[in-house]
Amino acid sequence: MGLIYIFKHHHSPPAAMEDSQVPSLSRNLDYAVNHTKNIPLDLVLDILSRLPAKPLIRFQAVSKLWFSIIRSKDFVGTFLTRSKTRPRLLLTFKHFDSRKRFIFSAPEHEDDKTSSTVMARHDMTISDLVYYIESPPVNGLVCCTHGSSIAVCNPTTRQIVTLPDVITPNGRDVYARLGYDPVGDQYKVLCVMMFDGFDSGTSDNIQQEHFVFTLGTPQKKWKKIETVTKDPYRCMKGEVCIDGAVYYGVGHTRIARFDVRSEKIEFIQVPEDYNAVSSYSRLIIYQGKLACLSYDFYLTSEMYMWILQDAEKQEWSSVVTCDVHSEWKDRLTEERVLCTGEIHTNEAILVSRSLNSSELFCVYYCDMISKLVRRAEVDGIADDEFRGVHGIGKYGRDEMWCFPGHVENIMFF
């Protein structure tokens, strides 16, 4: 169903369409310019609001009016709200030899079948620097790091913005986290800079500092902030953003809570028996709340989950246990890890960190309540055809990351 059809039948606007339903976009641009002048503005808005992201980005070139509509804050917000009803998986594939990072997305597995197949879509390639993407997306935006360099990218618009240097790190490690303030409608990046000598007990010389950068403001510079405690902490990878707060692990017994609006950092005690620094532990969003998830299939076949019921009182629910069936346990070996992010299906997600070109990439969904495990095969990720087109070959070191809860966002920086 193309754009010509839409305007010829503008008295009955169609439902939202997928990318594959809007063919020959470039041939329709001239038609749109010449045949939309007499269409009421509210109808134009209604038609545009039903289009998927890819044609919307292209249709900015139709006219100044369309450009201003598609770039407007209200239109971007409306599109994001609709996009959240269709969450996707964000998958990043890093090919070490070519120094390229490929970003894919795929529909989340939603049916009741034990096994299914979904098709991935290549959204973006990052080739100028080997950025690391180890954090879940926030409203479709992704924080990337490479040494002391920090960037934010939007796979939907294929835009990447490198932030100004914080300060000279002087050998310190840099940890960056993206957060969103829904009240002020602002995205901010928290940067924690420190020496990674905490394990050796040299906490006095850790030189830990915190900085905040606000996206989309005239003041393109970092601001230093102070924490409520002067005690340095071990900064862990992986975080989630919930209701204007970024949560991340800071050692064996604490979780940091960065309030994006006030730019204050507080600390929460983890539930008893949860080890925040374990490679088998992850923070996730479960039913809109922070949850701690842990597993170790070498010692036990069970996964454990604690849900933060009250952040101010630091009250956690009793542990929820899910026993993984022996048939699936053999598949969930050490190379598979828990995913961080928003689990809208109320399931824990496990994926493989490595990618075998001879097999389809698999995502395992573990329902903590019903105790069922489902598998979804993701087709189209760095298969032989893709590797040939991009010249990366069938062999070499690969690395995969998968994050649930990804949404399309047509916001430009």
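This briefing walks through some charged pairs, nonpolar groups and strands in the structure above. Keep in mind that the model is predicted. It holds 13 salt bridges, and its largest nonpolar core has 41 residues. Have the 3D view open as you read, and look up each residue as it comes along.

**Salt bridges**

- Start with Arg50 and Asp46, whose side chains form a salt bridge with an N to O distance of 3.2 Å.
- Are these two partners alike in how they are covered, or do they fall into separate classes? Arg50 is partly exposed at 24% relative accessible area, and Asp46 is partly exposed too, at 23%.
- Another salt bridge links the side chains of Asp259 and Arg257, at 3.6 Å from N to O. Arg257 has a relative accessible area of 21%, so it counts as partly exposed, given that buried means under 20%.
- A further pair is Arg375 and Glu377, with 3.5 Å from N to O between their side chains. Is Arg375 buried or exposed? Arg375 counts as buried because its relative accessibility of 16% lies under the 20% limit.
- Salt bridges can also share partners: Arg121, Asp123 and Glu408 are joined into one network in this way.

**A buried arginine in strand S25**

- Arg374 belongs to strand S25, which covers residues 373-379.
- Arg374 has a relative accessibility of 11%, so this residue counts as buried.
- Which residue does the side chain of Arg374 meet in a polar contact? The partner is Glu347, and the contact between the two side chains is 2.6 Å.

**Nonpolar cores**

- Which residues touch the most other members of the largest nonpolar core? They are Leu91, Met305, Phe361, Val363 and Ile381.
- Strand S24, made of residues 361-367, gives the most to this core, with 6 residues.
- Another core, of 39 residues, lies apart from it; Val62, Leu80, Leu178 and Met411 are among its members.

**A nonpolar patch on the surface**

- Nonpolar side chains also appear at the surface: Leu41, Leu45 and Leu65 make a patch of about 250 Å².
- Leu41 sits in helix H3, which runs over residues 41-49.
- Leu41 counts as partly exposed because its relative accessibility is 46%, and exposed would mean over 50%.

**The hairpin of S12 and S13**

- Strand S12 (residues 239-242) pairs with strand S13 (residues 245-249). In which sense do they pair, parallel or antiparallel? The pairing is antiparallel and extends over 4 bridges.
- To find the pairing on screen, look for Glu239, which stands opposite Tyr248 in S13.
- The hairpin has 2 residues between its strands. In this hairpin, Asp243 takes a positive phi near 50 degrees.

**Cys292 in strand S17**

- Cys292 lies in strand S17, which spans residues 289-295.
- Cys292 is buried, because its relative accessible area is 0%.
- How far apart are Cys292 and Trp316 in sequence and in space? They are 24 residues apart in sequence, and their C-alpha atoms are 9.7 Å apart in space.

Definitions and conventions:
Residues numbered from 1 in each chain as written. Predicted model: local features only at pLDDT ≥ 70, side-chain atom pairs only at ≥ 80, totals over all residues. Heavy atoms only, no water. Salt bridge = Lys/Arg side-chain N within 4 Å of Asp/Glu carboxyl O. Buried < 20%, exposed > 50% of the residue type's maximum accessible area, 1.4 Å probe, protein only. Patch = residues over 30% accessible without salt bridge, like charges linked within 9 Å, V, L, I, M, F, W, Y side chains within 5 Å. Areas by Shrake-Rupley, 256 points an atom, 1.4 Å probe, with all protein chains shown as cover. Polar contact = N/O pair within 3.5 Å; in protein donor to acceptor, adjacent residues only side chain to side chain. Core = buried A, V, L, I, M, F, W, Y, C linked by side-chain atoms within 4.5 Å. Pairing = 2+ DSSP bridges.
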